[in-house]
Amino acid sequence: MLNKTILVTGATGLLGRALTESVPAGDRVIGVTRGVTSGYIDSALQFMQTDVTNQDAVNRLFDKFQFDVVIHAAGEGSVDAVERDPILGRLSIVQGAENLASISRKHGARVIYISTNAVFSGDEAPYSEAAEMRPLSLYGQLKREAEIVFLESDDRCSVVRPILMYGWPLHGQRTNPVAFTVSQLRANQELKMVNDVWENPLYNIHCAEAIWQVMKKEVPGVMHLAGQTRLNRYELAVATAKAFRLDPDLIKEVDSSFFPTLAPRPRDTTFRVDRMIERLGMQPLSLNEGLKRMAANES
Ligand SMILES: NC(=O)c1ccc[n+]([C@@H]2O[C@H](COP(=O)([O-])OP(=O)(O)OC[C@H]3O[C@@H](n4cnc5c(N)ncnc54)[C@H](OP(=O)(O)O)[C@@H]3O)[C@@H](O)[C@H]2O)c1
């Protein structure tokens with residue numbers, strides 16, 4: 001029996017892919033990206049080419065499918081790309097949110113918006129959902145605006161904030177510190193990692209599992225998702241090298257001043273995950289467990 005018809009935007013991204021590969025039994029997902037995604041189809045899944053910044057295109061999509069739920073994970077995810085091109089950043093993040101919020105409301109679809117830890121300054125960790133948002137980067141500011149668009153549009157809306165995610169990206173999609181470390185070390189390349197940016201990183205598939213619980217339990221409001229292990233980016237790279245049996249000596253420890261041209265990053269956005277545990281009944285995954293699952297999941 002078909003339960004829900006779900007729109008997943010950003011379906012080929014790190015999170016979107018994890019969502020589309022773990023669709024709850026009986027539900028149907030329509031995945032949306034701007035790119036060509038043929039060859040990536042199974043029976044629970046259908047891909048459409050739709051740019052979420054194009055209101056007419058989003059309207060046509062909603063006219064074609066009766067969505068019960070919208071998981072909005074599409075948009076520019078690179079902090080530096082948004083800083084370089086603020087107009088494109090606003091279009092991608094805020095215009096996309098406005099289109100999806102208004103059209104979802106018109107059609108009665110419940111929204112789960114995927115936000116970010118970049119809404120915080122990094123000075124007051126660990127962060128609960130109630131902590132004040134004080135973004136350092138334009139990316140964080142635009143994500144905060146998008147959160148407000150959704151929360152003001154429908155009080156059933158959920159805003160999920162994943163912290164730094166790791167997992168296998170699709171070829172051609174944005175990488176992440178763990179996948180990057182593995183590829184560099186496998187190529188015997190030295191890499192520099194900062195020792196002053198702290199998080200409790202989240203395995204992308206565990207993030208997807210938690211989002212399906214948010215949907216199933218219809219948890220409104222803001223929800224933080226993170227792993228159990230707090231560490232800095234250098235330590236993350238070393239743990240990755242060990243988990244994948246690669247050479248940690250190729251990883252050099254630097255601080256953020258080594259990368260002066262990068263957009264400002266919050267230093268410590270470690271999340272509290274009490275709400276995830278209480279409302280979703282899920283325990284955060286340790287880094288070792290997440291890396292083990294990732295290694296077993298390599299295709
Ligand atoms: N990765 C992290 O560590 C992290 C941490 C915190 C929060 N987040 C948030 O989590 C969400 C998902 O992140 P991610 O890392 O999975 O993203 P990602 O890997 O960068 O992928 C972005 C996805 O969005 C699609 N997309 C981009 N612009 C689009 C548009 N205008 N219309 C339709 N599709 C579009 C891309 O495909 P095309 O290019 O083919 O369109 C791709 O499928 C984002 O909202 C991000 O802010 C991510």
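A residue is called buried when its relative accessible area is under 20%. With that term in hand, this briefing describes a predicted model of a chain whose secondary structure comes to ten helices and 13 strands. In strand β1, both faces are covered: T5, L7 and T9 on one side and I6 and V8 on the other are all buried.

**The chain as a whole**

- The chain has 299 residues and a radius of gyration of 18 Å, which agrees with the value near 19 Å that a compact globule of this length would have.
- Taken along the principal axes, the box filled by the C-alpha atoms is roughly 55 × 40 × 40 Å.
- Of the 299 residues, 55% are buried.
- Among contacts with a separation of 6 or more, 76% join residues that are 24 or more positions apart.

**Surface and charge**

- About 13,600 Å² of the chain is exposed, and carbon and sulfur atoms supply 47% of this area.
- The chain carries 33 positive and 36 negative charges, and the mean positions of the two groups are 3 Å apart.

**Strand β1 and its partners**

- Strand β1 spans residues 5-9, and because five of its five residues are buried, the strand is largely enclosed by the rest of the structure.
- Strand β2, residues 28-33, pairs with β1 in the parallel sense over five bridges.
- β1 also pairs with β4 in the parallel sense, over four bridges.
- Residue V8 illustrates both pairings: its bridge partner in β2 is G31, and its bridge partner in β4 is I71.

**Strand β4 and its partners**

- Strand β4 covers residues 69-72, and both of its faces are covered, with V69 and I71 buried on one side and V70 and H72 buried on the other.
- Besides its pairing with β1, β4 pairs with strand β5, residues 110-114, in the parallel sense over four bridges.
- Within the pairing of β4 and β5, V70 stands opposite V111.

**Residue S92 in helix α4**

- S92 is placed in helix α4, which runs over residues 86-107.
- The relative accessibility of S92 is 14%, so this residue counts as buried, the cut-off being under 20%.
- Leaving aside residues up to four places away in sequence, S92 touches T53, G75 and E76.

Definitions and conventions. Residues numbered from 1 in each chain as written. Predicted model: local features only at pLDDT ≥ 70, side-chain atom pairs only at ≥ 80, totals over all residues. Heavy atoms only, no water. Helix = DSSP H or I, 4+ residues; strand = E, 2+ residues; numbered from the N terminus. Rg over C-alpha atoms; globule rule 2.2 N^0.38 Å. Buried < 20%, exposed > 50% of the residue type's maximum accessible area, 1.4 Å probe, protein only. Contact = heavy atoms within 4.5 Å. Areas by Shrake-Rupley, 256 points an atom, 1.4 Å probe, with all protein chains shown as cover. Lys, Arg positive; Asp, Glu negative; His and termini not counted. Charge placed at Lys NZ, Arg CZ, Asp CG, Glu CD. Pairing = 2+ DSSP bridges.
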